[in-house]
Amino acid sequence: MILTKYGGVIRRYREFLPEIDDKHIVTLLEGNTPLIKSININKIINRDIEIYFKYEGLNPTGSFKDRGMTMAVSKAVSSGSKAVICASTGNTSASASAYAARAGIKSFVLIPEGKISSGKLSQALAHGATVMQIRGNFDDALVITREIAKDYEVTLVNSVNPYRLEGQKTASFEIIDELGAPPTHHILPVGNAGNITAYWEGYKEYFDAKKIDRLPKMLGFQAEGSAPIVLNHIVKEPHTVATAIRIGNPASWQKAVSARDESDGLIDSVSDEDILKAYSMLASMEGVFCEPASAITLAGLIKLNKRGFFKKGDVCVLTLTGHGLKDPGNAIKVSKEPVVVPCDKHSVLTVMGLA
Ligand SMILES: *Cc1c(COP(=O)(O)O)cnc(C)c1O
């Protein structure tokens, strides 16, 4: 057996990525995440299709953002940058601050006040970022960071940084390398719309390289209270329990629309209630704990399946974008409360139904 050391997404997919010197690569060995086949949910939803979860919560900082951040921070370092800045609903700041720490450069993050989960905030703080909570939403924060990055020596690492999307497209390569073919449908949450854009690029590049001979349909989902692409207008005050996709004016709006149209796919919305139902199902029926924003993929699949959207033999891959531990408060809210019992064996056996 030949053992090759895993070196992160840049080293693995170098031929498809912007050039970078080995000495400038900043990696925490992101990527190479599991593609988990659904067993129990598949059975109750539709036995005629296959469902896989691309569990991006298992990246080093707990979300897919690391795939893009390794590329963006490596490029920043290679160009001599000493600091990065981003606006974030949480995960971008966690990832940017971790990769900046690894690179030995500074990180500045702007987050919407009070709207990011404590798990994500704790990451940025632990990694030594200068965290600024602004009195505004994500879209407001992005405007400010873009202006600062334009005029000062600090690299913007939001997904408007083209290297972010370059890194993120490696998830499509991994899926194809593992399945031996593209899925028929790929389902993603849509927030700032960078990831759906990146995945579509990845699929197209493997197609152009003749590694696959067809392309999947891209199916994106936004939360009902935060669905600018579905509504076809900016949402001034976006709201949803899925804070990672609480975005009213996506930066990659047009590119996401192109991915949808070129792939003959769709972008639709689902309610918070259905998002939370899917979130509970994933954790309690498959053992996969993801963020509410990630669970929108399953909620979307269920919605489409109900109207007979899928054909026998379809293969659906759902990207579960972030880890459930980022935001444990939501899980506690939607789950059964712990039972308080007196401290004796008989009481415990009673609760267990064994007394
Ligand atoms: C960033 C993020 C999204 C949204 O991705 P976009 O590229 O902004 O569309 C979805 N889920 C999680 C967990 C995220 O961190």
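Which residue in β9 does Gly220 stand opposite? Gly220 faces Ile267 there. Keep in mind as you look around that this is a predicted model.

**The six-stranded sheet**

Gly220 and Ile267 give us a way into an open sheet of six strands. Reading across, the order is β1-β2-β10-β7-β8-β9, and the pairing is mixed. Two strands sit at the edges, β1 (35–37) and β9 (266–270), and each of them pairs on one side only. If you ignore direction, neighbouring strands of this sheet are turned by 25 degrees against each other on average. Strand β8 covers residues 217–223, runs parallel to β9 and is joined to β9 by five bridges. If you're new to sheets, here's a handy bit of background: strands pair through backbone hydrogen bonds, either parallel or antiparallel.

**The four-stranded sheet**

There is also an open sheet of four strands, with the order β5-β4-β3-β6 and parallel pairing. Its edge strands are β5 (130–134) and β6 (155–156), each pairing on one side only.

Try following strand β4 (residues 106–112) here. Is β4 mostly covered or mostly open? Mostly covered: five of its seven residues are buried. Strand β3 (residues 83–87) pairs with β4 in the parallel sense over five bridges, and within that pairing Cys86 stands opposite Val109 of β4. β4 is also joined to β5 by five bridges, and these two strands run parallel. In this pairing, Pro112 has Ile134 of β5 as its bridge partner.

**A helix to check with a ruler**

Helix α13 (residues 292–306) makes a nice little exercise. It has 15 residues, and at 1.5 Å a residue they should span 21 Å; the end C-alpha atoms are 21 Å apart, so the expected span and the model agree. Why 21 Å? Because the expected span is 1.5 Å times one less than the number of residues. Like β4, α13 is mostly covered, with 13 of its 15 residues buried. After α13 comes Gly308, whose phi is positive, near 70 degrees.

**Salt bridges**

How many salt bridges does the model have? The count comes to 19. Here are three of them:

| Acidic residue | Basic residue | N to O distance |
|---|---|---|
| Glu174 | Lys54 | 2.7 Å |
| Glu113 | Arg135 | 3.6 Å |
| Glu205 | Lys169 | 3.0 Å |

Start with the pair Glu174 and Lys54, joined by a salt bridge. Glu174 is in helix α8 (residues 170–179) and Lys54 is in strand β2 (residues 50–55), so this pair links distant parts of the chain, 120 residues apart. Both Glu174 and Lys54 are buried.

Now for Glu113 and Arg135, whose side chains meet in a salt bridge. Glu113 lies in the loop between β4 and α5 (118–126), while Arg135 lies in the loop between β5 and α6 (138–151), so the pair ties together parts that are 22 residues apart in sequence. Glu113 has a relative accessible area of 39%, so it counts as partly exposed. Arg135, at 78%, is exposed, because the cut-off for exposed is over 50%.

The third pair is Glu205 and Lys169. Glu205 belongs to helix α9 (residues 194–208) and Lys169 to the loop between α7 (162–168) and α8, so this contact ties together parts 36 residues apart in sequence. Lys169 has a relative accessible area of 1%, so it is buried. Sharing partners can also build something bigger than a pair: salt bridges join Lys54, Glu56, Arg67 and Glu174 into one network.

**Out on the surface**

Which residues make the nonpolar surface patch of about 540 Å²? They are Val339, Val341, Val348, Val351, Met352 and Leu354. Take Val339 as an example: you'll find it in the loop between α14 (328–334) and α15 (345–352). With 57% relative accessibility, Val339 counts as exposed.

**One last loop**

Finish with Ser81, in the loop between α3 (65–78) and β3. Is Ser81 buried or exposed? Its relative accessible area is 11%, so Ser81 is buried. Compare its position with Leu282: the two are 201 residues apart in sequence, and their C-alpha atoms are 41 Å apart in space.

Note on methods:
Residues are numbered from 1 along each chain as its sequence is written. This is a predicted model: local features need pLDDT of at least 70, side-chain atom pairs count only at pLDDT 80 or more; totals for chains, interfaces and linings use all residues. Side-chain values use heavy atoms; hydrogens and water are left out. Patches are made of residues with over 30% relative accessible area and no salt bridge: like charges are joined within 9 Å, nonpolar side chains (Val, Leu, Ile, Met, Phe, Trp, Tyr) within 5 Å. Accessible areas come from the Shrake-Rupley method with a 1.4 Å probe; for residues, only the protein chains shown count as cover. A salt bridge is a side-chain nitrogen of Lys or Arg within 4 Å of a carboxyl oxygen of Asp or Glu. Buried means under 20% relative accessible area, exposed over 50%, partly exposed in between (1.4 Å probe, protein chains only). Two strands pair if DSSP finds at least two bridges between them. Axes are lines fitted to C-alpha atoms, for helices over the stretch in contact, and angles run from 0 to 180 degrees between N-to-C directions.
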